[in-house]
Amino acid sequence: MKSLIRSASVAATALLLGLSATAIARADDKPTLAFVVNGASDFWKAAEAGVKKAQGELPGYTLELKYPEQSSVAIQQRLMDDLVTAGVKGIMVSAVDPKTSTDGLNKIASETALFTTDSDAPQTKRVAYIGSSNVDAGKQAAEIAKKAMPNGGKCLGFVGLLGADNAKERIQGMKDGLAGTKIELVDVRGDDIDQARAKKNVEDALVASPDVTCMVGFYSYNTPRIYEALRDAGKLGSITVVGFDDDPITLGGVKEGTIAATVVQQPFEWAYQGMKLMAAYLKGDKSGIPAGNLIIIPTKIIGKDDVDAYAANLKAMAGK
């Protein structure tokens, strides 16, 4: 009996010591900051490089970039909930659909420092947004179209998430920029970040809308899918293409002249500056948060003559 009591005592002591060691280990863990994207896309490779650079300057933190399994509000919310449960101290998110996820985003904001990027959720309790002015980016797309089609034309747009703020703002910005011209953005087709569906949308449009003279790829992968569909149909060069972002296929098309130009963002800077901003905020330094809670990283137009220098800069940022 004494032996059993002694064994139980030893086991209890060992358990307590184990729990104590675990508590100490957790106390010694570096705080984690996470960058949560809206879906799988090569567009976010530059953000990965930005997180990596920030990690080198923030040795006291663990920085992570997370992809949801699928581009859906529910799956993205579950990912953020899991991060909060794991003790993440700050999350920067490109919300899949801010308008329908206000409650979920506010829940995250009540449990950790929440920042937004790429697609803002201004109606939530997020600390700040860091990213592009999507309205301005849309207006730049209109400038590309006006230069490429001085006699007017009929444009059809393609985008991943029709409900996302970044999509709505780019579309509205382009429409505003085309106001008073003979160019019209007649419709925009969504694909829910399904690459096969994105190409199929273009293929279907070529059959159903033969009068379309211009196509606009509002998300990073939409322009490459437009390029591929036009190439396969033998129509490259006969339809004006306005691009967004810097997929290699897009840049190649701009350089060869089959894509008029592309509006590029700076996801590297979103991630790099965003991680540093969150780290400072968590330390109590709120000086980096402007009065309007918006930090705009400018977009710019890349035309044929700009491609080589721009591509070289991308490689340099990625450390290649």
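Here is a short chat about strands and two backbone angles in a predicted model.

Student: What should I know about the numbering and the cut-offs?
Tutor: Residues count from 1 along each chain as its sequence is written, and side-chain values use heavy atoms, with hydrogens and water left out. Since you're looking at a predicted model, local features need pLDDT of at least 70, side-chain atom pairs count only at pLDDT 80 or more, and totals for chains, interfaces and linings use all residues.

Student: Which side chains of strand 2 are buried?
Tutor: Strands here are DSSP runs of E, at least two residues, and helices are runs of H or I, at least four, numbered from the N terminus. Buried means under 20% relative accessible area, exposed over 50%, partly exposed in between (1.4 Å probe, protein chains only). In strand 2 (residues 62–66), Thr62, Glu64 and Lys66 point to one face and aren't buried, while the buried ones on the other face are Leu63 and Leu65.

Student: Which residue of strand 2 stands opposite leucine 33?
Tutor: Two strands pair if DSSP finds at least two bridges between them. Strand 1 (residues 32–36) and strand 2 run parallel, joined by five bridges. The residue opposite leucine 33 is leucine 63.

Student: Is isoleucine 193 buried or exposed?
Tutor: Isoleucine 193 sits in the loop between strand 7 and helix 7 (195–208). Its phi is near 55 degrees, positive though the residue isn't glycine. With a relative accessibility of 16%, isoleucine 193 counts as buried.

Student: What is the relative accessible area of asparagine 293?
Tutor: Asparagine 293 also has a positive phi, about 60 degrees, without being a glycine. Asparagine 293 is partly exposed, and its relative accessible area is 26%.
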